[in-house]
Amino acid sequence: QVQLVESGGGLVQAGGSVRLSCAASGGTFSSYAMGWFRLAPGKAREFVAGIDWSGGNTYYTDVKGRFTISRDNAKNTVYLQMNSLKPEDTAVYYCAAAKRGSRWYRGIDFDSWGQGTQVTVSS
């Protein structure tokens, strides 16, 4: 399994922007689809965005238009650019990896997870 470490979270005002990064090691990064999930207090874990192995296909849930997922296979890193943030975006954000052939676009089959990074959006 690949090891994942997120960074870039913090406190931001509503309407602001944050870019999360997730650095991968211990595996062939370009063979994994990557996803971002979030977990807010009192809520179930939510699939936010995903990107395939090459970066050519992406999938978003209801954050489309505000969030952008991207990856740099040369740097073994996936990013989540979050714009126009709202207080309801407050959560711990996790990146995750899914092997080729997975149903990553459905937010399932992810089997490697980072430790999470907190994003807090103040109103």
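The radius of gyration is taken here over C-alpha atoms, and the globule rule is 2.2 Å times the number of residues to the power 0.38. With 123 residues, a compact globule would by this rule have a radius of gyration near 14 Å, and the value of 13 Å for the protein agrees with that. The model is a predicted one.

## Overall architecture

The protein contains eleven strands and zero helices. Its pattern along the sequence is accordingly β-β-β-β-β-β-β-β-β-β-β. The C-alpha trace spans about 40 × 25 × 25 Å along the principal axes. Of the 123 residues, 45% count as buried. Among contacts with a separation of 6 or more, 58% are made by residues 24 or more positions apart.

## Strand β11 and its partners

Strand β11 covers residues 117–122. Thr117, Val119 and Val121 form its covered face, whereas Gln118, Thr120 and Ser122 form the uncovered one. Two pairings of this strand may be described. Strand β2 (residues 10–13) pairs with β11 in the parallel sense over four bridges, and within these two strands Leu11 stands opposite Thr120. Strand β9 (residues 91–99) runs antiparallel to β11 and is joined to it by three bridges. Val92 has Gln118 of β11 as its bridge partner.

## The β7–β8 hairpin

The side chains of β7 alternate along the strand. Phe67, Ile69 and Arg71 point to one face and are buried, while Thr68, Ser70 and Asp72 point to the other face and are not. Strands β7 and β8 run antiparallel and are joined by six bridges; Ser70 stands opposite Tyr79 in β8. The two strands form a hairpin with four residues between them.

Asn76 lies in the loop between β7 and β8. Most residues other than glycine have a negative phi. Asn76, in contrast, has a positive phi near 55 degrees. Its relative accessibility is 29%, so Asn76 counts as partly exposed. A positive phi is also found at Asp109, where the value is near 70 degrees. Asp109 belongs to the loop between β9 and β10 and, at 34% relative accessibility, counts as partly exposed.

## Nonpolar cores

In soluble globular proteins, nonpolar side chains tend to be buried together. The largest nonpolar core of this model has 29 residues, and Met34, Trp36, Leu80, Met82 and Tyr93 are those with the most contacts inside it. Strands β3 (18–25), β4, β5 (46–51), β7 (67–72), β8 (77–82), β9 and β11 each supply at least two of its residues. Leu80 illustrates the packing: leaving aside residues up to four places away in sequence, Leu80 touches Val18, Arg19, Leu20, Trp36, Val48, Ala49, Phe67, Thr68, Ile69 and Tyr93. Apart from the largest core lies another, of eight residues, including Ala33, Phe37, Trp53 and Ala98.

## Aromatic pairs and charges over rings

A search of the whole structure finds seven aromatic pairs. One of them joins Phe37 and Phe110: the ring centres are 5.1 Å apart and the planes stand at 85 degrees, so the pair is edge-to-face, an angle over 60 degrees being the cut-off. This pair links distant parts of the chain, with Phe37 in strand β4 (residues 32–39) and Phe110 in the loop between β9 and β10 (112–113), 73 residues apart. Both Phe37 and Phe110 are buried. Phe110 also forms a pair with Trp113, and this one is tilted. The two pairs are set out below.

| Pair | Centre to centre | Angle between planes | Arrangement |
|---|---|---|---|
| Phe37 and Phe110 | 5.1 Å | 85 degrees | edge-to-face |
| Phe110 and Trp113 | 6.5 Å | 55 degrees | tilted |

The members of the second pair can be described by their accessibility. Phe110, at 10% relative accessibility, counts as buried, whereas Trp113, at 30%, counts as partly exposed. Phe37, Phe110 and Trp113 belong with Phe47 and Tyr59 to one aromatic cluster.

Arginine side chains are placed over two phenylalanine rings. The charged end of Arg45 sits over the ring of Phe37, 5.4 Å from the ring centre. Arg71 lies over the face of Phe29, at 4.3 Å from the ring centre. Phe37 thus has several roles in this description: a member of the core of eight residues, a partner of Phe110 and the ring beneath the charged end of Arg45. Arg71, for its part, is on the buried face of β7.

Key
Residues are numbered from 1 along each chain as its sequence is written. This is a predicted model: local features need pLDDT of at least 70, side-chain atom pairs count only at pLDDT 80 or more; totals for chains, interfaces and linings use all residues. Side-chain values use heavy atoms; hydrogens and water are left out. Buried means under 20% relative accessible area, exposed over 50%, partly exposed in between (1.4 Å probe, protein chains only). Two strands pair if DSSP finds at least two bridges between them. Rings of Phe, Tyr and Trp (its six-membered ring) pair if their centres lie within 6.5 Å; planes under 30 degrees apart count as stacked, over 60 as edge-to-face and the rest as tilted. A charge sits over a ring if NZ of Lys or CZ of Arg is within 6 Å of the ring centre and within 35 degrees of the ring normal. A nonpolar core is a set of buried Ala, Val, Leu, Ile, Met, Phe, Trp, Tyr and Cys residues joined through side-chain atoms within 4.5 Å. Contact means heavy atoms within 4.5 Å.
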